[in-house]
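This briefing is meant to be read beside the sequence and the coordinates. It goes from the overall fold to a handful of individual residues.

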Amino acid sequence: MACVPENPEEETRLPPGQYVPRGRPVVHYGRVPAFRPETWRFQVFGATASGRVHDFTWEEFSALPTTTVIADFHCVTKFSLMGNEWGGVPTSVLLDRVPPAPGVRHVMVWAEYGFSANMRMSDFDRPATLFATHLDGNPLSPERGYPVRIVVPHLYAWKSVKWVRAIEYLTEDRRGFWEERGYHNVADPWKEQRYSYQEDPGDGPP
């Protein structure tokens with residue numbers, strides 16, 4: 001099992017406007033879904049290289065190679081959780097198992113209840129981006145995204161979608177759930193890209 005640090009020189013730094021809270025707050029919208037391993041599926045679809053949809057059962061997904069990432073976690077509501085140890089499946093494993101078509105530049109991550117977040121392939125395909133199943137050596141709690149959430153440490157945490165069920169390869173960018181509701185398309189915390197009115201030309205789809 002590899003351990004990949006995300007920007008270790010920034011472990012004691014905060015992005016602009018952030019603070020370190022007491023404890024570990026949990027923020028989510030809507031109810032926590034039930035997990036049924038016998039029917040759970042993880043799907044990769046959209047512009048796949050094969051043109052086909054690929055499904056993973058929970059047993060198949062659990063058998064994929066894993067890694068550990070030490071990374072900070074920056075919520076757009078302005079708190080940051082520092083030095084978290086996430087364990088799970090690197091996005092590179094999914095990209096290898098189900099390659100995207102040559103024209104894919106963006107990804108939509110889909111979760112329970114139709115929640116979603118879009119990101120550039122360059123953000124999705126990073127060593128520290130992973131589909132987390134564990135936090136600090138323990139399985140994720142249900143309110144933190146059990147059984148699987150994506151973790152994108154270098155972006156604001158709404159991009160780290162909980163209860164993930166699918167990834168969609170996109171040849172054209174498309175806004176996800178919170179991006180459609182006024183949040184920034186890119187979500188870089190070091191640039192304080194919180195809201196869509198802050199977007200520059202080229203940051204998002206028309």
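Helices and strands are named here as DSSP runs, at least four residues for a helix and at least two for a strand, and they are numbered from the N terminus. In those terms alanine 187 has its place in the segment after S11. The model is a predicted one, and every value below is computed from it.

**Overall fold**

- The protein has three helices and 11 strands, and along the sequence these elements follow the pattern β-β-β-α-β-β-α-β-β-α-β-β-β-β.
- Its radius of gyration is 16 Å, close to the 17 Å that the globule rule gives for 206 residues, so the protein is as compact as a globular protein of that length.
- Along the principal axes, the C-alpha trace spans about 45 × 40 × 35 Å.
- Of the contacts between residues at least 6 apart in sequence, 67% join residues that are at least 24 apart.

**Annotated domain**

- An unreviewed UniProt entry carries the annotation "domain: Oxidoreductase molybdopterin-binding", which covers residues 30-178.
- In the model, the span of residues 30-178 is 11% helix and 39% strand, and the C-alpha atoms at its two ends lie 13 Å apart.

**Surface and charge**

- Buried residues make up 50% of the 206 residues in the protein.
- The accessible surface comes to about 9,900 Å², and 51% of this area belongs to carbon and sulfur atoms.
- The protein has 22 positive and 26 negative charges, and the mean positions of these two sets are 4 Å apart.

**Helix H2 and helix H3**

- Threonine 91 has its place in helix H2, which comprises residues 91-97, and it counts as buried because its relative accessibility is 0%, where the cut-off is under 20%.
- Leaving aside residues up to four places away in sequence, threonine 91 touches Phe124, Asp125, Arg126, Thr129, Leu130, Phe131 and Ile150.
- Aspartate 123 lies in helix H3, which comprises residues 121-124, and this aspartate is buried, with a relative accessible area of 4%.
- With residues up to four places away in sequence again not counted, aspartate 123 touches Thr129, Val152, His154 and Leu155.
- Thr129 is thus named among the contacts of threonine 91 and also among those of aspartate 123.
- Aspartate 123 and threonine 77 are separated by 46 residues in sequence, and their C-alpha atoms are 21 Å apart in space.

**Backbone features to inspect**

- The peptide bond from tyrosine 146 to proline 147 is cis, with omega near 10 degrees, and proline 147 lies in the loop between strand S9 (138-139) and strand S10 (149-151).
- Tryptophan 163 has a phi near 55 degrees, which is a positive value in a residue other than glycine.
- The position of tryptophan 163 is in the loop between S10 and strand S11 (164-170), and at 5% relative accessibility this tryptophan counts as buried.
- Alanine 187 also has a positive phi, of about 75 degrees, although it is not a glycine, and at 0% relative accessibility this alanine counts as buried.

Key:
Residues numbered from 1 in each chain as written. Predicted model: local features only at pLDDT ≥ 70, side-chain atom pairs only at ≥ 80, totals over all residues. Heavy atoms only, no water. UniProt positions renumbered as here; feature names shortened; annotations may be inferred. Rg over C-alpha atoms; globule rule 2.2 N^0.38 Å. Buried < 20%, exposed > 50% of the residue type's maximum accessible area, 1.4 Å probe, protein only. Contact = heavy atoms within 4.5 Å. Areas by Shrake-Rupley, 256 points an atom, 1.4 Å probe, with all protein chains shown as cover. Lys, Arg positive; Asp, Glu negative; His and termini not counted. Charge placed at Lys NZ, Arg CZ, Asp CG, Glu CD.
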